[in-house]
Amino acid sequence: MGGEGAVAAEPTIRGKIDRFGTAIGTGRRKTSVARVRISDGDGKLTVNGRDMKEYFTLERDQEMVLAPLKATDSLGKVDVWVKVNGGGPTGQTGAVLLGIARALQVRNPGLHHILSEGGYLTRDGRMVERKKYGLKKARRSFQFSKR
């Protein structure tokens with residue numbers, strides 16, 4: 001019953017490598033979608049045609065985007081090109097993070113363990129709850145008046 005003889009299940013790889021050898025990964029979070037392409041290079045990170053530090057102005061967002069690259073020692077060794085749309089800054093950051101992690105995993109499936117340990121391959125399924133009729137917001141009711 002011990003884990004010694006157990007063979008780990010083959011990881012699901014969500015991404016692909018195009019004919020030019022560029023790894024492609026798609027990341028989603030809330031209503032944001034990020035299409036990420038990773039190729040060999042000198043560490044250039046472009047988001048929607050702008051530099052990453054220019055696009056994500058918050059330090060927290062910059063750290064989150066770079067986290068999977070740092071964890072896999074890929075920072076400065078690969079060029080990352082990102083096209084992201086929809087949602088706000090936090091959702092876009094989460095989408096880019098997942099897209100980068102998936103693209104890295106496609107390039108080198110051996111990195112799966114490091115990426116999953118760090119939680120970079122997990123899709124955050126939390127979405128905004130829809131507004132219901134008769135209510136002010138999704139759950140917020142109108143103020144009750146006794147008189």
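## Pairing of β3 and β6

Ala34 stands opposite Val84 in β6. The structure described here is a predicted model. The strands β3 and β6 run antiparallel and are joined by eight bridges. Among the facing pairs, Arg35 lies opposite Lys83 of β6, and Ser39 has Asp79 of β6 as its bridge partner.

Ala34 also takes part in pairing with β2, where Gly27 has Ala34 of β3 as its bridge partner. The antiparallel strands β2 and β3 are connected by seven bridges. Together, β2 and β3 make a hairpin with two residues between them. Within that turn, Lys30 has a positive phi of about 55°.

## The sheet as a whole

The sheet is open and mixed in its pairing, with six strands in the order β1-β2-β3-β6-β4-β5. The edge positions are taken by β1 (16-17) and β5 (50-51); each has a single partner strand, so one side of each has no neighbour in the sheet. In a regular strand, side chains alternate between the two faces of the sheet.

The strand β6 is also paired with β4, in the parallel sense and over three bridges. In this pairing, Val47 has Val82 of β6 as its bridge partner. Asn48 lies in the loop between β4 and β5. Asn48 is not a glycine, yet its phi is positive, at about 50°. Its relative accessibility is 27%, so Asn48 counts as partly exposed.

## Helix α3 and the sheet

The helix α3 lies across β1, β2 (23-29), β3 and β6, and its direction makes an angle of about 150° with β2. Its 19 residues should span 27 Å at 1.5 Å a residue, and the end C-alpha atoms are indeed 27 Å apart. Most of α3 is covered, with 16 of its 19 residues buried.

Where does Arg29 belong in the fold? Arg29 is part of strand β2. With a relative accessibility of 12%, Arg29 counts as buried, because the limit for that class is under 20%. The C-alpha atoms of Arg29 and Gly94 are 5.7 Å apart, although the two residues are separated by 65 residues along the chain. Beyond its neighbours within four places in sequence, Arg29 is in contact with Gly91, Gly94, Ala95, Arg123, Asp124 and Arg126.

## The nonpolar core

The largest nonpolar core comprises 29 residues, and Ile38, Val80 and Ile100 have the most contacts inside it. Two or more residues of this core come from each of β3 (32-40), β4 (45-47), α1 (52-55), α2 (59-71), β6 (78-85) and α3 (89-107). The largest share, eight residues, is given by α3.

Which residues are in contact with Ile100, leaving aside its neighbours within four places in sequence? They are Val36, Ile38, Val65, Pro68, Leu69 and Val80. Ile38 and Val80 are thus named again, both being among the residues with the most contacts inside the core.

## Helix α2 and the residue that follows

The helix α2 has 13 residues, and the distance from its first C-alpha to its last is 18 Å, close to the 18 Å expected at 1.5 Å a residue. A bend of about 35° occurs in α2 at Val65, and a proline, Pro68, follows within four residues. Val65 and Pro68 are both in contact with Ile100.

The buried residues of α2 are Asp61, Gln62, Val65, Leu66, Ala67, Pro68 and Leu69. These buried residues pack against β4, α1, β6, α3 and α4 (112-117).

After α2 comes Asp73, with a positive phi near 55°. Most residues other than glycine have a negative phi. Asp73 is not a glycine, and its phi is nevertheless positive. Asp73 is placed in the loop between α2 and β6. Is Asp73 buried or exposed? At 57% relative accessibility, Asp73 counts as exposed, because the limit for that class is over 50%.

Conventions:
Residues are numbered from 1 along each chain as its sequence is written. This is a predicted model: local features need pLDDT of at least 70, side-chain atom pairs count only at pLDDT 80 or more; totals for chains, interfaces and linings use all residues. Side-chain values use heavy atoms; hydrogens and water are left out. A nonpolar core is a set of buried Ala, Val, Leu, Ile, Met, Phe, Trp, Tyr and Cys residues joined through side-chain atoms within 4.5 Å. Buried means under 20% relative accessible area, exposed over 50%, partly exposed in between (1.4 Å probe, protein chains only). Contact means heavy atoms within 4.5 Å. The expected span of a helix is 1.5 Å times one less than its number of residues. The bend at a residue is the angle between axes fitted to the seven residues ending there and the seven starting there. Two strands pair if DSSP finds at least two bridges between them. Axes are lines fitted to C-alpha atoms, for helices over the stretch in contact, and angles run from 0 to 180 degrees between N-to-C directions.
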